[in-house]
Amino acid sequence: MHSSPAAFSSSSLFSHLSSPADRLGFGAMQLPGRWAGPAVARATAVAVARRAVELGVRHIDTAAFYFSATERANDILREALHPYPADVTIATKVGPLRTATGEMYAEARPEQLRGLVEENLRQLGVDALDLVYLRVGRLKAVGGVPLGERFAALAALREEGLVRWLGVSNVSAEQLAEARAIAPVAAVQNRFGVLDQADGALVDECAGAGIAYMPFFALGGGHTALESGNLRTVAERHGATAHQIALAWGLARSPAIIQIPGTSSPAHLEENMAAARITVGEDDLALLEPVAD
């Protein structure tokens, strides 16, 4: 999907990644190590990225602000995959500003977004980016803050041909509507998972509108344990792990969902990708419905 801007078509990201296997992607955040340095050797991180594509990944999620003291996710992806396969989309995000020591200290103003997009272009070694999200609110609760001026700045870069698709991240339904009034939105990236289904109505809205929905923290994000009796029951029924069921559940929950689990472990990558072969049925979905308060 790294064609020249003139060759960009109007086909949606949602239709490009339509089958369950296509909708199991890869998140690059862990490749450089979280914030304090590389978790694995550079060669291992490169090998994991290459193996992900070998195993069928067709969507990779990254950002220039995914870096540690010594490594950057975009650099690892470039070494591993450039020139990128034509059928692989690479998404990046702009908005959060980080210090060299890793602290997220502010959000970019509209006039700063061009520089952040250009940073991703340079690091990835491409003339145009497949998908760029405007990330708002960092990890705070969604909603309450207008995003129109910032999204319009990204839409202008799309008009120039620097970006193919636009997305929004960590947003409310109202913020999504605000963005869609400015330019087409191809994808939403919000917090959502089998044990954290509060965003379910927005998932359904995205499915109805042909907008891809990429959950972050679908596996808990290291902050929430994937532990529930019903989840264990479904995992045992399929001879799978709770993480595999969480991924397969998302693929079954909505055709809009593209899962983007991240890892720097070769073994964990293989386990994650095996989730595409698990069929979560209606009985499983019913068992994993959220419990009403």
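At 19% relative accessibility, F217 counts as buried, though only just, because the cut-off for that label is under 20%. That residue makes a handy way into this structure, which is a predicted model. F217 sits in the loop that links β9 (212-213) to α8 (229-238). Its backbone is a bit out of the ordinary too: F217 is not a glycine, yet its phi is positive, at about 60 degrees. For context, most residues other than glycine have a negative phi.

N170 tells a similar kind of story. Here phi is near 65 degrees, again a positive value in a residue other than glycine. N170 is found in a loop as well, the one running between β7 (163-169) and α6 (173-180). With a relative accessibility of 6%, N170 counts as buried, since anything under 20% falls into that class.

Another backbone feature turns up at a proline. Most peptide bonds are trans. The one from H82 to P83, however, is cis, and its omega is near 0 degrees. As for where this happens, P83 belongs to the loop between α3 (73-81) and β3 (89-94).

Further along the chain comes a hairpin built from two strands, β4 (residues 96-98) and β5 (residues 104-107). The pair runs antiparallel and is held together by three bridges. R98 is one of the residues involved, and its bridge partner in β5 is M104. Five residues lie between the strands of this hairpin, and G102 has a positive phi near 105 degrees.

Turning to how helices pack, α2 (residues 42-54) and α10 (residues 266-274) make a pair worth a look. Their axes come within 10 Å and cross at roughly 15 degrees. Angles under 35 degrees count as roughly parallel, and α2 and α10 are therefore described as roughly parallel to each other. The crossing in which α2 passes α10 is right-handed.

Which residues in α2 and α10 actually meet? On the α2 side they are T44, V48, R51 and A52, while α10 brings P266, L269 and E270. Sorted by class, this contact of α2 with α10 is a mix of four nonpolar residues, one polar and two charged.

Back in the loops, then, F217 and N170 each pair a positive phi with a buried position, and the loop holding P83 is where the cis bond from H82 is found.

Terms used
Residues numbered from 1 in each chain as written. Predicted model: local features only at pLDDT ≥ 70, side-chain atom pairs only at ≥ 80, totals over all residues. Heavy atoms only, no water. Axes fitted to C-alpha atoms, helices over the stretch in contact; angles between N-to-C directions. Helix = DSSP H or I, 4+ residues; strand = E, 2+ residues; numbered from the N terminus. Parallel < 35°, antiparallel > 145°, perpendicular 65-115°, else oblique. Left-handed = near helix turned anticlockwise from the far one by under 90°. Contact = heavy atoms within 4.5 Å. Nonpolar A, V, L, I, M, F, W, Y, C, P; charged D, E, K, R; others polar. Pairing = 2+ DSSP bridges. Buried < 20%, exposed > 50% of the residue type's maximum accessible area, 1.4 Å probe, protein only.
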